[in-house]
Amino acid sequence: MTSLDLARDLVLAACRPLPIEVVPIADAVGRVLAGPLVARTDLPPFANSAMDGFAVTPGPAGRVLRLVGDSFAGRPSTAHVDETTAVRIATGAALPPNASAVVADESATLGDGTVELHIDAPAGLNVRLPGEDIPTGRTLVDPGTRLGPVELAVAIGAGHAQLVCHRRPRVAILATGNELCPPGGRLAAGQIYDSNTTALAGFSTQAGAAVVSRDRVGDDPADTRRACAAALGQADLLIVTGGVSVGPQDHVRSALAALGADERFAGVEVRPGRPAWFGTSAGRPVLALPGNPVAAIVIFLLLGRPALAALAGRPPSDASDRARLTQPARPNPGRTNVIGVRLGRSSDGALDAIPSGPLSAHATSPLLRFDALGILPPGEAPLDAGSSVEIVRISG
């Protein structure tokens with residue numbers, strides 16, 4: 001048996017960031033930035049108005065100025081403003097030449113070709129200066145950041161149409177077992193529905209991966225070997241569920257060995273999820289999970305999601321945090337015990353983990369009540385309320 005910490009280290013050591021590529025910014029959501037995002041232009045690129053009103057030179061209240069033009073967004077005025085003139089201006093429009101203040105509509109009275117100002121207009125009043133939001137050359141987003149809509153909006157404003165990102169990891173998912181029936185199919189005697197391929201594909205997609213295949217194979221050595229070979233040929237990470245133990249119908253380990261896979265560990269000291277396996281085949285990582293659905297999900301969240309993060313060039317600990325137990329929790333003497341927890345906030349702002357019960361390897365419905373997994377290290381004595389524990393969010 002391998003400890004959870006060592007298993008994580010072995011997985012991450014085998015998962016290096018994938019090559020980089022240039023991605024159109026419209027396709028970059030969910031991708032991981034491979035280099036710093038540096039502003040190519042000022043934002044705003046020109047001095048513009050923060051209000052609908054009148055662009056003027058600095059001066060006192062009470063002035064009556066002659067209107068000499070209009071400045072609208074995308075249609076700037078070229079009229080030169082002086083101490084006796086003003087330009088009507090819309091929010092976001094460029095200031096006309098020589099103007100350095102904007103008096104809002106509600107602080108002025110419009111006349112017949114004139115405007116009377118009711119407030120003082122110091123330089124900079126209601127003006128957005130060039131580079132006020134983003135100056136050229138500023139580093140805006142660090143490498144390793146997973147790009148969301150906000151990052152893309154900032155990148156566009158800073159002059160980018162393409163971004164350099166790590167390639168999205170390609171994942172192949174293979175479920176093994178004669179007992180598996182496709183979702184919605186007619187169950188034969190002794191069969192169960194295959195939920196693993198869909199759940200693991202969903203988690204992989206949430207983690208930013210591209211799922212390239214989802215297949216099932218029966219408990220046959222030759223078929224298992226062929227299915228593993230086919231999946232390895234198209235994936236950066238192969239995830240197999242079931243058939244990973246040492247029973248007469250468990251053919252995954254022998255199939256991978258026949259394909260030249262290098263075993264890194266077989267079995268993890270964690271409950272649920274003990275019969276997990278990890279290795280590489282021609283440099284590609286392979287993670288074999290238990291067949292029981294909750295055990296498969298637990299091991300994916302603890303080992304598979306960090307593997308995908310590492311392949312994508314992202315910090316593997318993104319979905320991991322620490323929280324404070326609100327009541328005692330019992331560890332397992334011999335291995336890491338994983339429990340379900342709900343998350344909350346105390347009055348002091350601390351993140352709380354509210355234990356919601358143990359996890360059974362086969363029972364999926366209790367997962368509906370949890371926000372995260374609570375990771376209890378091996379030990380004899382109960383962990384007291386107030387103890388700090390690692391938590392891994394289920395939707396990370």
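**Exercise 1.** In this predicted model, determine in which strand V164 is placed, and whether V164 is buried, partly exposed or exposed.

*Solution.* Step 1: V164 belongs to strand β12, which covers residues 162-166. Step 2: The relative accessible area of V164 is 38%. Step 3: Buried means under 20% and exposed means over 50%, with partly exposed in between; V164 is therefore partly exposed. Step 4: Together with I20 and V22, V164 makes a nonpolar surface patch of about 260 Å².

**Exercise 2.** Describe the largest nonpolar core and state which element gives the largest share of this core.

*Solution.* Step 1: The largest nonpolar core has 43 residues, and L302 and L303 have the most contacts inside it. Step 2: Two or more residues each are given to this core by α1 (4-13), β13 (170-176), α3 (196-206), β17 (237-241), β21 (284-289), α6 (293-312) and β25 (372-376). Step 3: The largest share, 13 residues, comes from α6. Step 4: A second, separate core has 17 residues, including A172, A231, A261 and W277. As a general background, nonpolar side chains in soluble globular proteins tend to be buried together.

**Exercise 3.** List the contacts of L302, leaving aside its neighbours within four places in sequence.

*Solution.* With those neighbours left aside, L302 is in contact with L4, R8, V270, V338, I375 and V392.

**Exercise 4.** Locate A227, classify A227 as buried or exposed, and relate A227 to V217.

*Solution.* Step 1: A227 is part of helix α4, residues 221-232. Step 2: Its relative accessible area is 19%; since buried means under 20%, A227 is buried. Step 3: A227 and V217 are ten residues apart in sequence, and their C-alpha atoms are 7.1 Å apart in space. Step 4: Beyond its neighbours within four places in sequence, A227 is in contact with V217 and L174.

**Exercise 5.** Find where the cis peptide bonds that join L43 to P44 and R271 to P272 are placed.

*Solution.* Step 1: The bond between L43 and P44 is cis, with omega about -5°; P44 is in the loop between β2 (37-38) and β3 (48-49). Step 2: The bond between R271 and P272 is also cis, with omega about -5°; P272 is in the loop between β19 (270-271) and β20 (277-281).

**Exercise 6.** Examine the phi angles of N126 and A282, and state how accessible N126 and A282 are.

*Solution.* Step 1: N126 is not a glycine, yet its phi is positive, about 55°. N126 lies in the loop between β9 (114-117) and β10 (127-128), and is partly exposed at 25% relative accessible area. Step 2: A282, likewise a residue other than glycine, has a positive phi near 55°. A282 is in the loop between β20 and β21, and at 71% relative accessibility counts as exposed.

Conventions:
Residues are numbered from 1 along each chain as its sequence is written. This is a predicted model: local features need pLDDT of at least 70, side-chain atom pairs count only at pLDDT 80 or more; totals for chains, interfaces and linings use all residues. Side-chain values use heavy atoms; hydrogens and water are left out. Patches are made of residues with over 30% relative accessible area and no salt bridge: like charges are joined within 9 Å, nonpolar side chains (Val, Leu, Ile, Met, Phe, Trp, Tyr) within 5 Å. Accessible areas come from the Shrake-Rupley method with a 1.4 Å probe; for residues, only the protein chains shown count as cover. A salt bridge is a side-chain nitrogen of Lys or Arg within 4 Å of a carboxyl oxygen of Asp or Glu. Helices (H or I, at least four residues) and strands (E, at least two) are DSSP runs, numbered from the N terminus. Buried means under 20% relative accessible area, exposed over 50%, partly exposed in between (1.4 Å probe, protein chains only). A nonpolar core is a set of buried Ala, Val, Leu, Ile, Met, Phe, Trp, Tyr and Cys residues joined through side-chain atoms within 4.5 Å. Contact means heavy atoms within 4.5 Å.
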